[in-house]
Amino acid sequence: MTASVVISDLFQKSCDQLDGSLKARVLDFIMKLQRDPDATGLDLKMPAGVRDRRVRTARVNDNFRAVLFELPEGYILAAVKPHDAAYA
């Protein structure tokens, strides 16, 4: 199963603040999400206590997670944040 992935301006701004090696991991993450959003390595999940039931986080690496919104046709990427900040 493939998914449409839309990159928001907010996501792009958060990526601009990352170092080069992490930017490469973000690109790899986007490609994996687009190819197979159900892949276990992405660890895609809804954080506890969210107000908007569409909010998800997914693993970029051990220290960073992507914040995204799940839509019927795919995902809107909102930000890349350190692990704890992504859940906040």
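In this predicted model, Arg-65 has Lys-81, a residue of β4, as its bridge partner. This pair belongs to a longer run of contacts between strands, since 8 bridges join strand β3 (residues 64-71) to strand β4 (residues 74-82), and these two strands run antiparallel. Strands of a sheet pair through backbone hydrogen bonds, either parallel or antiparallel. Between β3 and β4 there are 2 residues, and the two strands form a hairpin.

The arrangement of the strands as a whole can be described next. The sheet is open and is formed by 4 strands in the order β1-β4-β3-β2, with mixed pairing. Strands β1 (4-7) and β2 (55-59) stand at the edges and have a single partner strand each, so one side of each is left without a neighbour in the sheet. From one strand to the next, the twist averages 35 degrees. Helix α1 (residues 9-16) packs on this sheet, where it touches β1 and β4, and the direction of α1 makes about 30 degrees with that of β4. Helix α2 (residues 20-35) also packs on the sheet, touching β1, β2, β3 and β4, and the direction of α2 makes about 155 degrees with that of β4.

Strand β3 takes part in a further pairing, with β2, which is antiparallel and extends over 5 bridges. Within this pairing, Val-55 has Phe-69 of β3 as its bridge partner. The connection from β2 to β3 is a hairpin, made through 4 residues.

Both residues of that bridge appear again at the largest pocket, whose lining includes Val-55 and Phe-69. The volume of this pocket is about 150 Å³. Besides these two residues, the lining contains Pro-47, Ala-48, Gly-49, Val-50, Thr-57, Val-67, Ala-86, Tyr-87 and Ala-88. The elements that contribute two or more residues to the lining are β2, β3 and α3 (83-87). In terms of residue character, the lining divides into 9 nonpolar residues and 2 polar residues, with no charged residue.

Two individual residues were examined in further detail. Arg-35 lies in helix α2, and this residue is classed as exposed because its relative accessible area is 51%, where exposed means over 50%. When its neighbours within four places in sequence are left aside, Arg-35 is in contact with Met-1 and Thr-2. The C-alpha atoms of Arg-35 and Ala-3 are separated by 6.7 Å, although the two residues are 32 residues apart along the chain.

The other residue, Asp-43, is found in the loop between α2 and β2. Most residues other than glycine have a negative phi. Asp-43, by contrast, has a positive phi of about 50 degrees although it is not a glycine. With a relative accessible area of 23%, Asp-43 is classed as partly exposed, because this value lies between the limits of 20% for buried and 50% for exposed residues.

Methods
Residues are numbered from 1 along each chain as its sequence is written. This is a predicted model: local features need pLDDT of at least 70, side-chain atom pairs count only at pLDDT 80 or more; totals for chains, interfaces and linings use all residues. Side-chain values use heavy atoms; hydrogens and water are left out. Two strands pair if DSSP finds at least two bridges between them. Axes are lines fitted to C-alpha atoms, for helices over the stretch in contact, and angles run from 0 to 180 degrees between N-to-C directions. Contact means heavy atoms within 4.5 Å. On a 1 Å grid over the protein atoms alone, a cavity is a set of points where a 1.4 Å probe fits but cannot get out, and a pocket is an open set with protein on both sides within 12 Å along at least five of seven lines; lining residues have an atom within 4 Å of a point. Grid points are joined across faces, edges and corners, and a volume is the space filled by probe spheres set on the points. Ala, Val, Leu, Ile, Met, Phe, Trp, Tyr, Cys and Pro count as nonpolar, Asp, Glu, Lys and Arg as charged, and the others, Gly among them, as polar. Buried means under 20% relative accessible area, exposed over 50%, partly exposed in between (1.4 Å probe, protein chains only).
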